[in-house]
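Q: Can we go through this one together? I'd like to ask things as they come up.

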Amino acid sequence: MSRSAAALLCLFGAVAGATVVLVVAKGAGWLGRDTNTVVVQRLPGGGTAAPVVVAKPLTGNGFAPAQIYRRRSPGVVTVISYFDAPTSPDASAGQGSGFVVAPNGTILTNAHVVTTAGQGAGAAARARRVYVQFADGDRVTARIVGVDLYDDVAVLRIDPKQHPSDRVVVGQPVAAIGSPFGNTNSLSVGVVSAIRRSIPSLTTRFNLVDAIQTDAPINHGNSGGPLFDAHGEAIGINAQIRSSGSGSGFEGVGFAVPINSAKRSLDQLLRTGRVSYAYVGISTEDLVPAVARRFGYAVRHGALVDSINPGSPAAKAGLVAGTRDALVDGLDVRVGGDAIVAINGLPVENGEDVVRIVAERLVPGETARFSVVRGRQRRVVAVTMAARG
């Protein structure tokens, strides 16, 4: 959403990662508070499900990749997607990773692993047939429960009776298990390089906010798999690698969808088969002190309204877009419009805060209070959210 200049980069889907799902719950006992913890029980081959297991740190004071791999890898799967009829063993198929998050056979992966999103113009098509392959080589048919293209999350389901397995507990970063280049159940390790990154989405025109950046080697085929922390807990679904050239290899920068985002997608997809996002219809850029001083804004930080889509909630509410371009200390900005400083009382320090609050805190149909500054005047504008189309 922000107009901030960025280097041209080639984004490539990479498999691995596992947005931290959340757990311990009510009812079936799987989803609860935002504890950034995922609990995955063993898939029963029949009979009653095993009791919920709460994630606990692995023994030892340091990072122990071997222990993480031994305890978590049984729940990591390879996802094989056929977009044409698999009429022969040689039929072409896409491949990624995923991980089991519930005893009823629920699996999380990336949306771009099981759809054509990001592969060209037109609506994204779902794979005609999807299979899930476990570490022992067993392969079973999976059903696509739903996809969230905005956060690049997909939910699959298999019949747990087709593949009984040991219980697995997953949670937060720095070891990735996936199927890079078809090499199933491969382990790579690294560190979390940064959090709250905003990156272009592979599957929609909206940015993916709050992505986890890691230097753990993530390559093609890792997409959709889990990213674990030092305690062996999954914190994200690794979704992209970034390269400055035309190659597709790992160059030290990978990104994972954060688990809280995946949890939200998982919950809505399981309940309704789709995910709803609020939409306000603006593009923004960062208001920084140099710009505020030059043009007399009453605040030093916020989100400058750069443009407003005709007929959007922002247009109907009367938000004001910038009117002229300016160059301030080498920074190209559009000034003369509103500077958003808060939404429903939540502070807005930059353009990405607007995306984050609207996407994560608001729902379609809700009326939100946008606190804005116009020059040196402050006012509150009520904006009724629409749904992303």
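Q: What does glycine 273 do just after H3?
A: Glycine 273 takes a positive phi of about 85 degrees there, and since this is a predicted model, that angle is a computed value.

Q: And H3 itself, how many residues does it have and how far does it reach?
A: H3, which covers residues 259-272, has 14 residues and reaches 20 Å from its first C-alpha to its last, close to the 20 Å expected at 1.5 Å a residue.

Q: Which strands does H3 lie across?
A: H3 lies across strand E6 (106-109), strand E8 (139-148) and strand E9 (153-157), and it runs at about 50 degrees to E9.

Q: Which residues of that helix are buried?
A: The buried residues of H3 are Ile259, Ser261, Ala262, Lys263, Arg264, Ser265, Leu266, Gln268 and Leu269, a list in which Lys263 and Arg264 appear alongside Ile259 and Leu266.

Q: OK, so what about the largest nonpolar core, which residues touch the most other members?
A: Of its 23 residues, Leu108, Val155, Ile237, Val257 and Ala262 touch the most other members. The elements giving two or more residues to this core are E9, strand E14 (207-214), strand E16 (234-243), strand E17 (254-258) and H3, and the largest share, four residues, comes from H3.

Q: What is valine 155 in contact with, leaving aside its neighbours within four places in sequence?
A: With those neighbours left aside, valine 155 is in contact with Thr106, Ile107, Leu108, Arg143, Ile144, Val145, Gly146, Leu266, Leu269 and Leu270. A second, separate core of 21 residues includes Ile282, Ala321, Val358 and Phe370.

Q: Back to E17 for a second, how many of its residues are buried?
A: Five of the five residues of E17 are buried, so the strand is largely enclosed by the rest of the structure. E17 runs antiparallel to E14, and three bridges join them, with threonine 214 standing opposite glycine 254 in E17.

Q: Switching to the barrel, in what order do the strands close?
A: Six strands close into a barrel in the order E4-E5-E6-E9-E8-E7, with antiparallel pairing, and the twist averages 40 degrees from one strand to the next.

Q: How many bridges pair E4 with E5?
A: Strand E4 (residues 76-82) and strand E5 (residues 94-100) pair over six bridges in the antiparallel sense, and valine 77 stands opposite glycine 98 in E5.

Q: Now H6, how many of its residues are buried?
A: Helix H6 (residues 351-361) has nine of its eleven residues buried, so it is largely enclosed by the rest of the structure; the buried ones are Gly351, Glu352, Asp353, Val354, Val355, Arg356, Ile357, Val358 and Ala359.

Q: What caps the N-terminal end of H6?
A: Asparagine 350 does, with a side-chain oxygen that lies 3.1 Å from the backbone nitrogen of glutamate 352.

Q: Last topic: aspartate 338, where is it, and is it buried or exposed?
A: Aspartate 338 has its place in the loop between strand E22 (331-335) and strand E23 (339-343), and at 0% relative accessibility it counts as buried.

Q: What does the side chain of aspartate 338 reach?
A: The side chain of aspartate 338 reaches the backbone nitrogen of valine 320 at 2.8 Å, and a polar contact of 2.4 Å joins it to the side chain of arginine 374. Leaving aside neighbours within four places in sequence, aspartate 338 is in contact with Ala303, Leu304, Val305, Leu319, Val320, Val372, Val373 and Arg374.

How values were computed:
Residues numbered from 1 in each chain as written. Predicted model: local features only at pLDDT ≥ 70, side-chain atom pairs only at ≥ 80, totals over all residues. Heavy atoms only, no water. Pairing = 2+ DSSP bridges. Axes fitted to C-alpha atoms, helices over the stretch in contact; angles between N-to-C directions. Contact = heavy atoms within 4.5 Å. Expected span 1.5 Å × (residues − 1). Buried < 20%, exposed > 50% of the residue type's maximum accessible area, 1.4 Å probe, protein only. Polar contact = N/O pair within 3.5 Å; in protein donor to acceptor, adjacent residues only side chain to side chain. Core = buried A, V, L, I, M, F, W, Y, C linked by side-chain atoms within 4.5 Å.
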